[in-house]
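Q: I am new to this structure and would like a close look at a single part of it, the nonpolar core. Please set that part in the context of the whole protein.

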Amino acid sequence: MTETSPLRTLMILGGTGDLAQRLLLPGLGQLIGSGRAPDDLRVVGSGSRDWTDETWQDLLKESFAAARSEADDDGREALDAAVRNGSYLQVDLKDPERLVRDIQSLDAPLAVYFALPPEVTQSTVAALKPGDLPEETRLVLEKPFASDEASARELNRLLAELVPESHVYRVDHFLGMATVMNVLGLRFTNRILEPVWNNLHIERVEILFDEELGLEDRAKYYDGAGALRDMIQSHLLHTMAVIAMGAPATLGERDVRDLIAATLRASSVPQDYQHSTRRARWTAGEINGEGVQAYADSPGVDPDRETETLAEVEIRIENDRWAGVPFILRSGKALGKNRQEAVITFKPVSHLPNGFTGTAGDASRLRISFAPARLELELNVNGPENVFTLERTGLSAPMHKSALTPYGEVLAGILSGDPLASVRADIAEECWRIVDPVLKAWADGEVPLKTYPAGTMGPPEWESSRAEL
């Protein structure tokens with residue numbers, strides 16, 4: 001059997017949780033309904049709750065409803081069959097022998113999806129021994145992958161004893177976003193961009209993921225993570241690496257991931273953390289006309305933790321292409337508007353002829369919007385009344401949007417055996433290496449925790465909080 005042999009079983013540890021219900025199962029429904037899942041794939045849920053097969057099947061039916069409404073007759077039949085064949089196993093993760101028996105009772109080849117908190121995933125993997133898993137088992141681990149560089153190295157060591165690296169899928173659903181991967185086509189197939197994609201022509205790069213959403217019943221997880229661990233350590237560093245990487249020889253997973261790894265190895269946060277990093281959390285405010293209580297007062301939050309809900313770090317990539325260019329990564333919650341984009345600001349022209357006025361001194365910008373998927377190039381053009389008074393205009397176009405959700409794309413790679421949309425072991429460790437010193441500096445109180453009212457764009461003194469960015 002080859003690595004691409006069809007899976008017969010997908011087992012979801014933590015199948016009764018929020019992640020499975022909101023993201024995994026709807027994405028899986030898209031694959032089954034569109035004929036992109038293996039025939040007769042059996043979906044097995046597991047958790048500590050005392051559920052029956054019928055309870056799990058009801059959840060599958062509810063989660064597949066949207067996909068079923070869009071599927072053709074064959075797709076609806078496949079979805080109905082997946083519901084009928086679904087089953088549930090009540091598991092005790094503190095009893096590894098029973099867990100191994102449960103896994104070995106399933107039809108192989110199978111994938112085991114750890115939809116669990118990172119510390120539970122780590123302890124569960126540590127309890128497994130070589131030979132416990134059926135041959136060709138694929139292990140799928142959610143982010144955050146471990147909790148720091150040391151634990152990531154240890155988890156990678158444990159996984160290597162169980163299955164080959166090619167059978168480990170470390171999930172980062174940003175790598176399943178068509179817009180992020182579209183950057184490869186945008187950069188490497190357009191001569192007007194690739195020759196200027198370097199420090200000779202680009203002044204700065206900002207990667208922003210601001211959300212209006214608050215905790216959304218995720219306080220237990222989020223208060224122990226914060227914005228830096230939740231978003232920047234994984235999603236935004238990977239997005240940065242795709243934007244900054246060199247040209248691969250092919251789009252094969254090894255060529256692409258080798259260059260992502262090389263970019264991250266060259267990356268670090270300047271050690272003057274008071275200037276290269278910022279953190280803040282929201283206070284009481286209003287979003288879309290509704291009052292929002294302060295983060296510190298939210299149920300399930302320990303205010304003494306000083307968990308940040310808005311984080312910003314400056315990354316420097318010390319290689320020939322990017323030396324001297326700041327990459328600003330920012331993410332936060334309960335902000336005034338959703339702003340999910342990469343902004344590439346070009347350097348001013350070498351010589352500005354005397355006599356131009358208006359926006360003549362403004363830099364050109366390329367905006368790559370992730371949600372909605374859109375591309376916009378901001379330029380200076382002659383104004384209608386005086387040709388030497390320049391105005392800003394934008395050349396805008398939609399980008400390709402996948403028919404699948406990001407989790408649908410990630411699951412497609414897992415089911416087909418394609419690891420491109422997953423994170424390789426060394427890449428996971430590099431991401432922690434970059435942020436670990438920042439987390440320590442913040443824990444030691446070296447960087448003050450600022451505040452911003454919910455519904456605003458962040459602390460007003462931050463340049464990135466300007467709405468017009």
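A: What follows describes the core of this predicted model, and then the protein around it.

The largest nonpolar core holds 100 residues. Within this core, I315, F327 and L329 are the residues with the most contacts. Helix 10, which covers residues 226–244, supplies the largest share of the core, with 11 residues.

F327 can be followed outward from there. Setting aside neighbours within four places in sequence, F327 touches V205, M240, A244, V313, E314, I315, I317 and W322. I315 is thus on two lists: it is a contact of F327, and it is among the residues with the most contacts inside the core. Another core lies apart from this one and has 35 residues, including L31, L59, F64 and V171. In soluble globular proteins, nonpolar side chains tend to be buried together.

The surroundings are as follows. The protein contains 14 helices and 19 strands. Of its 469 residues, 52% are buried. Taking contacts between residues at least 6 apart in sequence, 77% join residues at least 24 apart.

As for overall form, the C-alpha trace spans about 80 × 50 × 45 Å along its principal axes. The radius of gyration is 24 Å, which agrees with the value near 23 Å for a compact globule of 469 residues.

On the outside, the protein exposes about 21000 Å², and carbon and sulfur atoms supply 49% of that area. The protein carries 48 positive and 73 negative charges, and the mean positions of these two sets are 2 Å apart.

Note on methods: Residues numbered from 1 in each chain as written. Predicted model: local features only at pLDDT ≥ 70, side-chain atom pairs only at ≥ 80, totals over all residues. Heavy atoms only, no water. Core = buried A, V, L, I, M, F, W, Y, C linked by side-chain atoms within 4.5 Å. Buried < 20%, exposed > 50% of the residue type's maximum accessible area, 1.4 Å probe, protein only. Helix = DSSP H or I, 4+ residues; strand = E, 2+ residues; numbered from the N terminus. Contact = heavy atoms within 4.5 Å. Rg over C-alpha atoms; globule rule 2.2 N^0.38 Å. Areas by Shrake-Rupley, 256 points an atom, 1.4 Å probe, with all protein chains shown as cover. Lys, Arg positive; Asp, Glu negative; His and termini not counted. Charge placed at Lys NZ, Arg CZ, Asp CG, Glu CD.
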